[in-house]
Structure formats: C-alpha cells, structure tokens
Amino acid sequence: MYKIAVIPGDGTGAEQVEAGLKVLQAAQDKFGFKLETESYDLGGDRYKRTKEILPDSVIEELKTFDAIYLGAIGHPDVKPGILEKGLLLRLRFELDLYINLRPVKLYPGVFTPIKDKGPEDIDFVVVRENTEGLYAGAGGFLRKGTKHEIAVQESINTRFGVERCLKYAFDYCRAKRKRKKLTLCGKTNVLTYAFDLWDRVFNEIGPAYPEIERDYAHVDAISMWMVKNPEWFDVIVTDNMFGDIITDLGAMIQGGMGIAAGGNLHPSRVSMFEPIGGSAPKYTGQGIINPMASICAGAMMLDYLGQDQAAAHIEEAVAHVCSNDLKSLNAGEMGYSTLEVSELVAKRL
Ligand code: IPM
Ligand code: MN
C-alpha cells in the first residue's frame, strides 16, 4: 500500500487528476497493490479565499506520503509568480526534489511537427536540475523604479547540487537506458563559471561509468538538434533554466502538452509527479483536456514506487489508445472527452 497526496490545483488540473486516478485504479485492480489517496485543496481558489498558499503544516504532512500526484498550478486571477513560486517551486525546494525527470517519447501514430521523424527517432529523457540555478531566487533590485534601476538575477550552482544531479543522470542512464549515451547540455562558451563547474564534475564522475558514452553540447545547439536530429539523444542532463526551456521544446516534438509528463524526484523520499503543461484555464470544466500527460505522470509515479510492471503496462495502454483511438492529442480534438480517454486507457490495461 502506498500513501498518495493528491493536489488537483488550478484550472483543468482537477479533471486531469480525476482521469489519471481512474487509470491508477484500474492498475491497482490488475496488479494487486493499493493507493491510499488524500486530497489537498491548494491553488488559486484557496489563495483567493483565504490568502493561504502552502501552510508549513501541509509541507510537514506531505513529507509523510510516498508520493504526490499533482494536477496543475496557475490561476488566471492571480498575478503570475505568486502561485508558481509559493506552491510549485516551494514544494520542489522544501521537499528538496532535486531532479526533474522529463521523458520525451513519441508514440506510434502520434503527430510530430518534425518532418520524416518517427517513434524510433524521438525517444530520450531530460534530467533537469530542480532546486538551483536561476530558480534559486538569488538577486534583487537596486534603485527600483528609477531610471538607474538595477535588476540582478544570479544562477546558483553548488558543487553538491551539480554533483548529485549528474550522479542521478549517470545512474539513470545506466539502469534504465539501452543506448547509454549521456549529453551534458550547457553553455560553456559564455557561462564560463557555472558550466565550467558542470563540465568538470561531469568529466570527473564519468569514468566511474565506463559503459556510458559522454557527450557535450551547448543549449542553443541542442535546441537546433532536438528538431533536426532528435535521434542523437538518449539522456540529456542540464541545469534548471535550460531544462525548463528544452523540455517545452521536447513536449512539442513528442505530440504536445497533452502527453508530456514529469517527475520531481528526491530518490528514496516523497516525490511529486505532474503533467508538465500548465493549468490551461480556458478549457476548465469542459471535459475536453487531454489527460494522457496526467496518466503518464501516474505511470511514472508507479515506476518510482517500484510498481514498474504496472507502469510499463499503463505506458503500453497509452501508446495503444494514442495510435488506435484518438484523432489528435490536442484539447477538444481528441474525438473523446477527458474521462472517456481515461476509460479507454483503463480498458486496454
Ligand atoms: C515547469 C513550469 C514551471 C517552471 C513554472 C510554472 C514555475 O514551467 O514545470 O516547467 O518554470 O519550472
Ligand atoms: Mn516549464
């Protein structure tokens, strides 16, 4: 039995999570494990009602769960940054979820905007550092509001943080990937301090993993190659900001935000799983949002919890439904409602 905290969050988050839980229920029935879920009312609506975003006591409670299943954060009536920083980023930081694992995998039959590329070409994973870099919040204003204003935002890269992220990437590549190629995505030609550290640690750790081919590319070049030659990549490891950017690009080449999922991990501690797209408020309550990303996040959660068989079967069912049933992965164009899609996946499972 696993204890799961469910945070539906904002916008379509609740619909996505509801659909994902349907599939997780089917997986429990088939594979004989149990998820005990408890729902947390966090997000824009609660903030507007009570001015509370994430009480400290809730963080303490969340630490007692095996995993967190998150819908989406972002409310149209709340100023950008408040919920993102106060809820999503705070959870990542306070729970020390130092890895953001984001698979970029194109399933058969799913539309990719990349001409002449198919599922055999688009199958890699991005390991994004999730607690440091430009996200650390270091910096500030000087003379704010004047003509001489200065705004500084610093990228924090600690030896400890870089090393644990790179170690995770090497270990993941060794344990989970057949090709065993790890690409460090940086910008050593301009960010000569931050990525010098990344590069040094990368090459220091590398020899302990002789079976893994080490590769380096600048982030701008990677953006180009993700479109031109996505088949070159197996595992990409990078810092928080670059990882944020290239995984949106990755989501687009794997079929869009409707299918892209990720895990915020602290290996062996409570970790959090989410669709990587936003709350898509304009679709709220219509039942037309694609729940595949949430379903895939659920599969990643099961894999993390050690139910790898169940995870693999959910993935197979998702791929099957994508290629055989859905007209498109876009909201409103699937040919089915959000819940119907989850029922199709559950049935296939
Ligand atoms: C993501 C999102 C978040 C991020 C935002 C909502 C703070 O874009 O999970 O990729 O920048 O990390
Ligand atoms: Mn992002």
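How many residues of the lining of the largest pocket are nonpolar, how many polar and how many charged? The lining divides into 20 nonpolar residues, one polar and nine charged. This is a predicted model. The largest pocket lies between domain 1 (1-100 + 260-349) and domain 2 (112-124 + 131-254), because both give residues to its lining. The largest nonpolar core also lies between these two domains, since both give residues to it.

**Largest pocket**

- The largest pocket holds about 890 Å³ of space.
- It is lined by 30 residues, and the closest to its centre are Pro103, Tyr172, Lys176, Asp303 and Glu315.
- Two or more lining residues come from each of β4, β5 (123-129), α5 (159-176), β11, α9 (292-305) and α10 (308-324).

**Second largest pocket**

- The second largest pocket holds about 310 Å³ of space.
- Its lining has 17 residues, with Leu88, Arg92, Arg102, Asp244 and Ile276 the closest to the centre.
- Seven residues of this lining are nonpolar, three are polar and seven are charged.
- At least two lining residues come from each of α4, α8 (240-253) and β12.
- The most come from α4, which gives four residues.
- Domain 1 (1-100 + 260-349) and domain 2 (112-124 + 131-254) each supply at least three residues of the lining of the second largest pocket.

**Nonpolar cores**

- In soluble globular proteins, nonpolar side chains tend to be buried together.
- The largest nonpolar core here has 84 residues.
- Val237, Met292, Ile314 and Val318 touch the most other members of this core.
- Helix α9 gives the most to the core, with nine residues.
- A second, separate core has 23 residues, including Ile73, Leu83, Leu91 and Met272.

**Two residues of the largest core**

- Valine 237 sits in strand β10 (residues 235-238).
- Its relative accessibility is 0%, so valine 237 counts as buried; the cut-off for buried is under 20%.
- Beyond its neighbours within four places in sequence, valine 237 contacts Val127, Cys165, Leu166, Ala169, Leu182, Thr183, Leu184, Cys185, Trp198 and Phe202.
- One of these partners, Leu166, is 71 residues away along the chain, yet the C-alpha atoms of valine 237 and leucine 166 are separated by 7.0 Å.
- Methionine 292 touches Gly258, Ile259, Val318, Val321, Cys322, Leu326, Val341 and Val345, leaving out residues up to four places away in sequence.
- Val318, one of the residues touched by methionine 292, is also among those that touch the most other members of the largest core.

**Loop residues with positive phi**

- Aspartate 96 is not a glycine, yet its phi is positive, at about 55°.
- Aspartate 96 is in the loop between α4 (82-94) and β4 (99-105).
- The helix before that loop, α4, gives four residues to the lining of the second largest pocket.
- The strand after that loop, β4, is one of the elements that give two or more residues to the lining of the largest pocket.
- Serine 268, another residue other than glycine, has a positive phi near 75°.
- Serine 268 is in the loop between β11 (261-265) and β12 (271-275).
- Serine 268 is exposed, because its relative accessible area is 75% and exposed means over 50%.
- The strands on either side of this loop also reach pocket linings: β11 gives two or more residues to that of the largest pocket, and β12 supplies at least two to that of the second largest pocket.

How values were computed
Residues numbered from 1 in each chain as written. Chains lettered and ligands numbered in written order. Predicted model: local features only at pLDDT ≥ 70, side-chain atom pairs only at ≥ 80, totals over all residues. Heavy atoms only, no water. Buried < 20%, exposed > 50% of the residue type's maximum accessible area, 1.4 Å probe, protein only. Contact = heavy atoms within 4.5 Å. 1 Å grid on protein atoms, 1.4 Å probe; cavity = no way out; pocket = protein on both sides within 12 Å on 5 of 7 lines; lining within 4 Å. Points joined across faces, edges and corners; volume = space filled by probe spheres on them. Nonpolar A, V, L, I, M, F, W, Y, C, P; charged D, E, K, R; others polar. Domains from an automatic or database assignment. Core = buried A, V, L, I, M, F, W, Y, C linked by side-chain atoms within 4.5 Å.
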